[in-house]
Amino acid sequence: MSTDYRVIIGDSRRMSEVTDDSVHLTVTSPPYPMVSIWDDFFAEASAKSYDEMHEYLNETWEEIERVLVPGGIACINIGDATRTSNGIFHLYPNHSRIIENFEKLRFVTLPYVLWKKPTNRPHYKGKGAFLGSGFLPPNAYVTLDMEYILIFRKGAPRSFPPKDQRRYESKFTKKERDEWFSQVWNIPGARQDLAGLERRVAAFPEEIPRRLIRMFSILGDTVLDPFLGSGTTLKVAMGLDRKFVGYEKLPQLTEIIKSRIRSTHKEVMFSEQGQVIKELVG
Ligand SMILES: C[S@@+](CC[C@H](N)C(=O)[O-])C[C@H]1O[C@@H](n2cnc3c(N)ncnc32)[C@H](O)[C@@H]1O
């Protein structure tokens, strides 16, 4: 039985199934602190404040530090958030808090990508759209139409023997390099016509993990997504001949993940945290 692709239904704050220094690349988008669709989730975890939410995420960042190989890379897709509290509209800069927290874990911060999504509308007084009076200065707000893809490395770069075959076979073209290594990515969001749980997980489009996996790992490497959601990173990693391990806390997403990967016709090992293998999907 192959263990090349593993999904663990459980909490990535304790990735006991993943050994130290065994993952080459992490690609993930965490639940976003202060975004209203996640309020219930964080209320369940009794962690309502911005600080507490980042402390929650930080436990997974610590685990990423443990499981990455030296020189391994973590790519975190995160948006900032806005809230009106006590009548005052303001920004919660999730990206800067995550950079601080990764630096405390002694990661090397690398230049990040700004993912521009053509979806959000401008704000006026926090109401979500420009009204007629939004043409008058000075009380309108800049639109949050970018998300961040933060990039961190565990220590010094990985080293490879000269002419390493797997590395050379993983190379990108000049066109890919010029586009992928520029700072702004114009990529439409994932399908917005989803309903229920699928919509709630806020899936990223496949193009995001596809680029990141090609940019920051080589064929045969192991990719981790500790907040797997609907399984986008798993599906893309399978298509790019990388190994994969992922965690998702909500058991209700199991069927959605399975349906995402059915077309690959490859075996994926699903298990519950701390338990033996439950079933296989082929
Ligand atoms: C923003 S979604 C990820 C979406 C994913 N990138 C996709 O394309 O479908 C975040 C996911 O993290 C899960 N989650 C939150 N806390 C978790 C934890 N401690 N361990 C594992 N999964 C968690 C949520 O249930 C949610 O499905």
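Which residues does Asn58 touch, not counting residues up to four places away in sequence? In this predicted model, the partners are Asn101 and Leu105. Asn58 itself has its place in helix α2, which spans residues 50-67. With a relative accessible area of 18%, Asn58 falls under the 20% limit, so the residue counts as buried.

That small neighbourhood is a handy way into the chain as a whole. The chain has nine helices and 14 strands, and 47% of its 282 residues count as buried. Contacts reach well along the sequence: among those between residues at least 6 apart, 73% join residues at least 24 apart.

Aromatic rings supply some good examples of such links. A pair of aromatic rings is described by the distance of the centres and the angle of the planes. The count of aromatic pairs in the model comes to eleven. In one of them, Phe102 and Phe152 are stacked, with 4.1 Å from centre to centre and 5 degrees between the planes. Phe102 belongs to helix α3 (residues 94-104) and Phe152 to strand β9 (residues 146-153), so this pair ties together parts that lie 50 residues apart in sequence. Both Phe102 and Phe152 are buried. A second pair, Tyr112 with Tyr148, is edge-to-face, at 5.4 Å between centres and 70 degrees between planes. Here too, distant parts of the chain are linked: Tyr112 sits in strand β6 (residues 108-116) and Tyr148 in strand β9, 36 residues apart. The two tyrosines fall into separate accessibility classes, since Tyr112 is partly exposed at a relative accessible area of 28%, whereas Tyr148 counts as buried at 14%. Returning to the stacked pair, Phe102 and Phe152 also take part in one aromatic cluster, together with Trp61, Phe107 and Phe227.

Rings also meet charges in this model. The charged end of Arg211 sits over the ring of Trp185, 4.8 Å from the ring centre. Lys258 lies over the face of Phe270, at 5.2 Å from the centre of that ring.

Arg211 leads on to helix α7, which is mostly covered, with eight of its ten residues buried. The buried residues of α7 are Ile208, Pro209, Arg211, Leu212, Ile213, Arg214, Met215 and Phe216. Two of these names, Met215 and Phe216, return in the second largest pocket, where they are among the residues nearest the centre, along with Phe160, Arg167 and Ile218. The lining of this pocket comprises 19 residues, and the space in the pocket is about 500 Å³. Two or more lining residues come from each of β3 (68-78), α4 (165-169) and α7 (207-216). By character, the lining divides into nine nonpolar, five polar and five charged residues.

The loops have their own points of interest. Ser159 is found in the loop between β9 and α4 and counts as exposed, at 69% relative accessibility. Ser159 and Pro70 are 89 residues apart in sequence, and their C-alpha atoms are 9.6 Å apart in space. Arg262, in the loop between α9 (254-261) and β13 (268-272), counts as partly exposed at 44% relative accessibility. The C-alpha atom of Arg262 is separated by 9.2 Å from that of Lys235, 27 residues away along the chain.

Finally, the backbone deserves a look. Most residues other than glycine have a negative phi, and most peptide bonds are trans. His265, which shares the loop between α9 and β13, has a positive phi of about 55 degrees although it is not a glycine. At 65% relative accessibility, His265 counts as exposed. Asp21, likewise not a glycine, has a positive phi of about 50 degrees. The place of Asp21 is the loop between β1 (5-9) and β2 (23-28), and with a relative accessible area of 42% the residue is partly exposed. As for peptide bonds, a cis bond with omega of about 5 degrees joins Pro137 and Pro138. Pro138 lies in the loop between β7 (123-124) and β8 (140-141).

Notes. Residues numbered from 1 in each chain as written. Predicted model: local features only at pLDDT ≥ 70, side-chain atom pairs only at ≥ 80, totals over all residues. Heavy atoms only, no water. 1 Å grid on protein atoms, 1.4 Å probe; cavity = no way out; pocket = protein on both sides within 12 Å on 5 of 7 lines; lining within 4 Å. Points joined across faces, edges and corners; volume = space filled by probe spheres on them. Helix = DSSP H or I, 4+ residues; strand = E, 2+ residues; numbered from the N terminus. Nonpolar A, V, L, I, M, F, W, Y, C, P; charged D, E, K, R; others polar. Phe/Tyr/Trp six-rings, centres within 6.5 Å; stacked < 30°, edge-to-face > 60°. Buried < 20%, exposed > 50% of the residue type's maximum accessible area, 1.4 Å probe, protein only. Lys NZ or Arg CZ within 6 Å of the ring centre and 35° of its normal. Contact = heavy atoms within 4.5 Å.
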